[in-house]
Amino acid sequence: MRKIGILGGTFNPPHNGHIHAARQAQLALGLDGIVLMPDNIPPHKVLPDGSANTQQRLEMTRLAAQEIPGAEVSDLELRRGGRSYTVDTLTELTRQNPDTEYHFIMGTDMVLTLDKWYRPEEICRLCALAIVARDERDRAAIAEAVRKYRADWDARIALVDCPALPMSSTALRGSKDAMAAMVPEPVLAYIREHRLYGWNK
């Protein structure tokens with residue numbers, strides 16, 4: 001059975017934190033591949049003014065995927081339209097690929113709010129969770145959340161033991177210096193070319 005990691009998000013923009021999480025999960029779990037999955041409309045947040053549009057986020061994600069061996073990009077959620085619920089995506093993927101074991105790669109903020117997602121117990125039935133800490137200080141909170149999810153939903157969870165890489169797209173959008181330092185060069189070139197996030201050539 002193939003083991004595939006899924007890393008979802010707005011990718012607004014994709015950055016080295018995404019690449020770090022994907023690579024570390026890939027190495028720790030022996031994944032056969034990684035799928036980056038840009039969402040269409042995130043259920044839990046509103047894209048801020050000045051965000052890249054859907055097509056631009058997809059193109060930047062494709063550029064970032066080049067930094068991850070064996071990675072692919074799926075536009076499944078973009079084509080489906082509407083709000084992008086993870087449970088709907090996993091249901092479709094497992095129906096299409098019953099011989100594949102999916103591992104949903106999550107950062108700190110995602111795992112700590114999983115109980116507020118749409119049908120989280122079904123998500124845990126459809127896939128395993130791979131948790132990559134964003135901040136060393138969050139490890140205790142993650143451990144408590146993991147204990148709860150295992151007890152309540154019989155969740156299959158792997159804690160990826162790797163150095164934390166604190167980073168968020170929100171922080172990057174607010175600083176061109178941070179963006180220049182923490183966004184892969186092909187993505188940064190795209191941002192400059194299309195003058196995204198207030199960036200002028």
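Ala, Val, Leu, Ile, Met, Phe, Trp, Tyr, Cys and Pro count here as nonpolar, Asp, Glu, Lys and Arg as charged, and the others, Gly among them, as polar. With that in hand, welcome to four close-ups of a predicted model.

**View 1. The largest pocket holds about 940 Å³ of space.** Its lining counts 45 residues, and Gly8, Gly9, Lys45, Asp109 and Met110 are the closest to the centre. Sorted by class, the lining comprises 22 nonpolar, 17 polar and six charged residues. At least two lining residues come from each of β1, α1, α4 (86-96), β4, α5 (108-112) and α8 (169-173).

**View 2. Strand β1 (residues 2-9) is largely enclosed by the rest of the structure, because six of its eight residues are buried.** On one side of the pairing list is β4 (residues 100-106), parallel to β1 and linked to it by five bridges. Look for Arg2 of β1, which stands opposite Thr100 in β4.

**View 3. β1 also runs parallel to strand β2 (residues 33-38), with six bridges joining the two.** Here Gly8 has Met37 of β2 as its bridge partner. Together with helix α1 (residues 16-29), these two strands form a right-handed β-α-β unit.

**View 4. The second largest pocket has a volume of about 240 Å³.** Among its 15 lining residues, Arg2, Ile4, Val35, Glu72 and Tyr102 lie nearest the centre. β1, β2, β3 (71-73) and β4 each bring at least two residues to this lining, and β2 gives the most, with four. The classes here are seven nonpolar, five polar and three charged residues.

Note on methods. Residues numbered from 1 in each chain as written. Predicted model: local features only at pLDDT ≥ 70, side-chain atom pairs only at ≥ 80, totals over all residues. Heavy atoms only, no water. Buried < 20%, exposed > 50% of the residue type's maximum accessible area, 1.4 Å probe, protein only. Pairing = 2+ DSSP bridges. Right-handed = clockwise from strand over helix to strand, strands pointing away. 1 Å grid on protein atoms, 1.4 Å probe; cavity = no way out; pocket = protein on both sides within 12 Å on 5 of 7 lines; lining within 4 Å. Points joined across faces, edges and corners; volume = space filled by probe spheres on them.
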